[in-house]
Amino acid sequence: MHDLKEVQKKIYPPMVEGKHTFATVSDEIGDITLKKKTPFHWFIGFGIAFLIAQALLMTITYLLAKGIGIWGNNQPIGWAFDIINFVWWIGIGHAGTLISAILLLLNQKWRTSINRFAEAMTLFAVACAGMFPLLHTGRPWLAYWMLPYPNVMGMWQNFRSPLMWDVFAVSTYATVSALFWYVGLIPDLATLRDRAKNPFFKFVYGLLSMGWRGSARHWHRYEIAYLILAGLSTPLVLSVHSIVSFDFSVSQLPGWHATIFPPYFVAGAIFAGFAMVLILCIPLRHWYKMQDFITKTHLIYMGKVMLATGLIVVYGYFMEAFFGWYSENQYESYMIQNRIWTGPYWFMYWLLIFCNGISIQFLWFKRFRESEFWLFVISVIVSVGMWLERFVIIVTSLHRDFLPANWAMYSPTMFDWSMFLGTIGFFFTLIYLFVRFLPIISIFEVRTLLPDAHVEDHGHAHEHVGDEATA
Amino acid sequence: MPSKDSKTNFALLRNKILSQNGKNYWRSVEEFVDAPEFAEFVSREYPQHAEEWSDGFSRRNFIKIMGASLALAGLSGCIIQPAEKIVPYVKQPEEIIPGKPLFFATAATLGGVATGLLARSNEGRPTKIEGNPDHVGSLGATNVFAQAELLSLYDPDRTQQVFYRNEQKTWQSFVAEFRGKVEENRQNGGAGIRFLTETVTSPTLIAQFKQILTELPGAKWYQYEPVNKDNAHQGAKLAFGSPVNTVYKFDKAERILSLDADIFGGTNVRYMKDFSKGRKVGHGEESKMNRLYTVETTLSLTGAKSDHRLAVKPSEMTEVAKAIAKALGVSGASSAYSNKWVDVMAKDLLEAKGKSLVVAGDNQPPVVHALAHAMNAALNNVGQTVTYTDPLSEKADVAQTDGLKELIKDIDAGAVKMLVILGGNPVYNTPADAKLSKERMMDDAKLPFRLHLSQSMDETSELCHWHVNAKHFLEMWSDTRAYDGTATIVQPLVQPLYDGKSAHEIVQLFAKENFEKKEIDIVKDYWKTNGLADDKAWRKAVHDGSIPNSALPAKTVTANTGFLSQSTPAPTGSGDLEIAILPDPSIYDGRYTNNGWLQELPNPLNKVTWENVALVSPKTAEKLGVNQGRDANQQAGAGEGTTFYNTKGGNLFSDLVTLTYQDGKVSQKVPIWVSPGQPDDVVTIFLGYGRTRAGKVGTGLGYNAYEVRKSDAMWFGKGSISKTGETTTIASSQTHFNMEGRENEILRVFDYDSWEKDAQTTHQHNEYELSMFEPHEYKERKWGMNIDLNSCVGCNACVLACQSENNIPVVGKEQVERSREMHWMRVDAYFEGEDVNNPKALNFQPMLCQQCEQAPCELVCPVHATVHSAEGLNDMVYNRCIGTRYCSNNCPYKVRRFNFLLFQDWNTPQYKLMRNPEVSIRSRGVMEKCTYCTQRISAARIEAEKAGREVRDGEIVTACEAVCPTDAIVFGNLNDPNSRVAKLSKDHRNYNVLNSLNTQPRTTYLAGLRNQNKEMPDYKAQEWVKKAAEKAKEGAANEGETKKSEGASH
């Protein structure tokens, strides 16, 4: 018996470590927002992120005043940093949705301690991503023309254009992600409301928790709503990035026009997303002493997901090269040669292979999967790699296409960088605010993982939680 | 309001007080001004009520204006009203229908040779320049310079009044002083008067000068132009004893040899037109293709188009010419040079006696010209393909540089009291050893009166006492001669924008009487006695744009070969390299430096814009260690790179060198461009740049080759270059000249022989039928265009015509470096041949919107801003465009152009006048592209519908088609089986660019042909054709079975 338990523990390691009760969980997580003194490093981090976000603001101001010519885009490279960043951010968002929706439906318990901030990350990444398609247009003040609304101009949209599909895919994604995140927050907001001492915060949390009392009826409706949203989100995980990939694969440009793009992009998105989740959760876990909730097991699982999706992406790279050779199409084969070897951007490709292909091979080893340090390093490398992947796809395909007379080079300008780094600043500003004002880990869901929750049969666990929440 | 001279005018009183000087003591105002009106003024109770100050801004006026402004402020709050007064025609003037342009015949003169023009006038504003089909020098086409003159007319840097030492003056004050000076100089017969003009071929102006020079026998008139016909005239003198004007008939020549003569880059469009007649083969009629041999130094448009090209050093040219003369049997010719190339070529020329032609370039020494004359004589070409006339200009027997040297000598001797420079820019462009230098020009003791007539304040004007703002030729009455002497009356289209003056008017000021004679009278009076006696004839000549039977009569001259025994001086200078000088293909000798259109017009051969470079061969570049960052395979002249953080924009890096020529050093650093086709150890530099006072556009660009040019080495000499270690960025609109083995799909050039044997070999098969969908049926019209690559010589005229017609903005050097030029039409250039460093040829392909039937751009626009029209055009709706640039990304031809910034100049008032009112001005953030000149299509369609008929073939002429000097572009209705374009589209040479994408373009091309001589040592079959055939065979073997069963046809 004893041995069996050991084996069981090995296979299904506990998702919460240490001796925790319902109350301690609420304390540990809720106190970060309510009681504990805001740590000094929060101010430093927030300050830096906020400053960088100002660069974004200034760039956008200048961009609106002058036009997108302040960037390095040109003929033939009509898209460059703008769309690279868009795809990168959208990709990052995907991990959040995957964790919250698909893992929920698959009943993966380990998602509970990371889903809250993964969802927040999704939302903020989509906010960053959404900026680009809007601002990359020549006349952003007319970008609303992409919305199908009855108008006196008698104009209608071109629904054959992948950009139109994008509009719907991204806006749906943003809406569902926001709803999902907010609905998931409601019970915890109620907990915070009950525990807050400051009348102002009490009021705000009260407002946001929408009168949550934790009654059985509340829980019943909550569970159904959450499940419906998870059901809605699940196809989105696959569809959004597939549609983003259509922006490329529907066109006839060598290097874009490839059938492998949808799965390859989705895998890449999850890959990039988990890298970003790790980049966020490792410092959080470390600084806010959340090792009990975000355990080594979590890190190992995320490392494994990264490895799996990374390998799919690497397979994609192989397939692209294979298509170039097997198609016997002179444009395709020139494109792949130019990308890998003969072209002026060859180093970008090999940097990408190093970041996304070679660095993840360390994740085969438990030593690296368990190490906060190595996981963090690899995650950063993968994030860079995924950005490079979009650079390679977008810029190196556009810069040498069909008619050699029209080929050109691309170099980014100061404003390309300030816009890109600015969104990173903006993203971390939002993350910092989230860490400060909202529970970074879902309190009530973690409580379901506690041994206390398993005393009675599973069906009633939530009621106990609810009692606690309103106590 | 009381009048100004009212007795109680306050200003009067004030002046009275102020006019009192000295020590006057006074006790009261009354006593001080002992005047009754003053007494009245002060005695009034309310002087300020009773009287107004005559300051022009009275209280009443003030209130009136305030009231009005307040009222109007309310109005202008809603919409921004234009500041101009809008005045409708109450009585409509004859012929002017608002919205309907009028065309007027006139002519542009460059280097003393006229191109007849029809200038379009919209509501009195010249808006476009077309060639005059009735003019011998044009036949409806123009070159880039004539096109760009429109921008020169509206150049905001033109001076707007007379200046005296940079001080604004009136014409009247100038005339007063000038007449005084003239009379002063008349005392000694005008001995101190010197005129300096450019080459003058205007009969009226020549007559005026003759008149003045008889009135003032001491005065002298010199002509100097940096690009001139000195060598041609001196060569004719060697051969015939007198200078002649040589007239070629390229249409009659079957074998043409160019000795460094740039027929296509030159200024004579008629020659291009004639030449292209020998390139229009097929299309039903039996015509032989001509063959062009070129011996030249720098790869030129002529060399690129030639069937066989021999690159030689400039110093070798004379010997090569002698060798050719020897092989052609010119008596007395001997040469140290021998080459099989020369012998075989000579044999070919001899086989076409009377139907061949030898042309020498103006930059070749006189002896080469003389040899060319002797060769033409030996080939019995005189009277057949070449005729001679008297020179177009006066005093052609004296070299312009010799005249210039004489003038400089006189100036240094202090003999010149009055220097009248009419046009030109001699301070800038005279050779270094006969420079009208600053020291000479600023010496008031030696040159007490200097005048410059010029359109802008340039290097010469700023050193002159007087600057008179000149008229542009579209503003003035004058006359000029075409290449064969045919005279044209130049008529103004518009009142002088800034009240400028012309050379006729300045020269007239020297006349004893009637010195203020009107320009039109000067010209008219001349022609009254020279063939246009009655008013009717005058009106007809002005209307038609040429004077009938005014061509100079053919002159019979006999070539002697005595000159062959004379020794030819070789350039003396130190240095291990030979350096050749050429006028810039875009900005010529520097007169167009301030013309943005020409600055941004890519050099036809290397596509460099906005500056001049120094050309070296790949081997020489390697030897000198310059531009080694370049990818030889790509055949760009400079190294392509990328930067992590790009501030300036350029991605094309070139080494800077210091260059010396004939022991003179160019003060600016010179960027290097590696040019395949250039002979080794020869550097080519270009004139026209490095100007210190050109205007907002042209000042400070490039290096100045005039600094080192010598009067005894005007075109080539010795020199050296040394690396400075610095690099610069080059703005080139094309960086990749290698087709990467895509000949079959992009630019197809076949051997003439194989095509003649079996035209099927050039056939391209398409798969239009394999679509899953029924093709759209066009019931009425279906526009299409065909471009004949066999005729196209890559001269760029279409690019500029398109820019002018469609209001395409100039973006500037930095934006070109960022690869954002806006030309809707471009001419792609690709080197041909396996050895990328020693190419066989350079082929050209005008590229514009292909108006695809299955347009990739239309599919991807999210807002339907680019859609198909009922007549099959791919329309671009600017107002709908939000600027996603997706259409451009998906366009395989990359012919779409995006307004990345606000490229259009919305503020300069002159440009507002210039623009074509029928084409909208695009703003920032909008995609644009070729529309097939949709405004011209609409105009013709409306006319046809009004008349209840179909649009006739040839009724719609796009801007590029109209300007094309080789008639390579044909536009028309593909649905009309009798239209030219429909017939051409059935030609076997017709093909689609990127056919494999099945975009089904409306713009198709006729494959080029190369009429090589099989015996020539450099003969080489078109290798790609063989490869493509092999591949097709392979493909057929694989898919043959399935194809057969499907019964696919072409």
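**A three-stranded sheet and a helix pair in chain B**

In this predicted model, chain B has an open sheet of 3 strands, laid out in the order 1-2-3 with antiparallel pairing. Strand 1 (102–110) and strand 3 (125–131) of chain B sit at the edges, and each has a single partner strand, so one side of each goes without a neighbour in the sheet. From one strand to the next, the twist averages 35°.

Strand 2 (residues 113–122) of chain B is tied to strand 3 of chain B by 6 bridges, the two running antiparallel. One of the residues to look at here is B:Asn122, whose bridge partner in strand 3 of chain B is B:Arg125. The sheet also has a helix on it: helix 6 (residues 144–153) of chain B lies across strand 1, strand 2 and strand 3 of chain B, and runs at about 170° to strand 3 of chain B.

Elsewhere in the chain, helix 12 (residues 317–327) of chain B packs with helix 14 (residues 366–378) of chain B at an angle of about 15°, their axes being 10 Å apart. Since angles under 35 degrees count as roughly parallel, that is what helix 12 of chain B is to helix 14 of chain B. The crossing of these two helices is left-handed. Helix 12 of chain B brings B:Met317, B:Thr318, B:Ala321, B:Lys322, B:Ile324 and B:Ala325 to the contact, while helix 14 of chain B supplies B:Val367, B:Val368, B:Leu371, B:Ala374 and B:Met375. Sorted by class, the contact between helix 12 and helix 14 of chain B comes out at 9 nonpolar, 1 polar and 1 charged residues.

Definitions and conventions
Residues are numbered from 1 along each chain as its sequence is written. Chains are lettered from A and ligands numbered from 1 in the order in which they are written. This is a predicted model: local features need pLDDT of at least 70, side-chain atom pairs count only at pLDDT 80 or more; totals for chains, interfaces and linings use all residues. Two strands pair if DSSP finds at least two bridges between them. Helices (H or I, at least four residues) and strands (E, at least two) are DSSP runs, numbered from the N terminus. Axes are lines fitted to C-alpha atoms, for helices over the stretch in contact, and angles run from 0 to 180 degrees between N-to-C directions. Two residues are in contact if their C-beta atoms, placed from the backbone, lie within 7 Å. Angles under 35 degrees count as roughly parallel, over 145 as roughly antiparallel, 65 to 115 as roughly perpendicular and the rest as oblique. A crossing is left-handed if the near helix is turned anticlockwise from the far one by less than a right angle, and right-handed if clockwise. Ala, Val, Leu, Ile, Met, Phe, Trp, Tyr, Cys and Pro count as nonpolar, Asp, Glu, Lys and Arg as charged, and the others, Gly among them, as polar.
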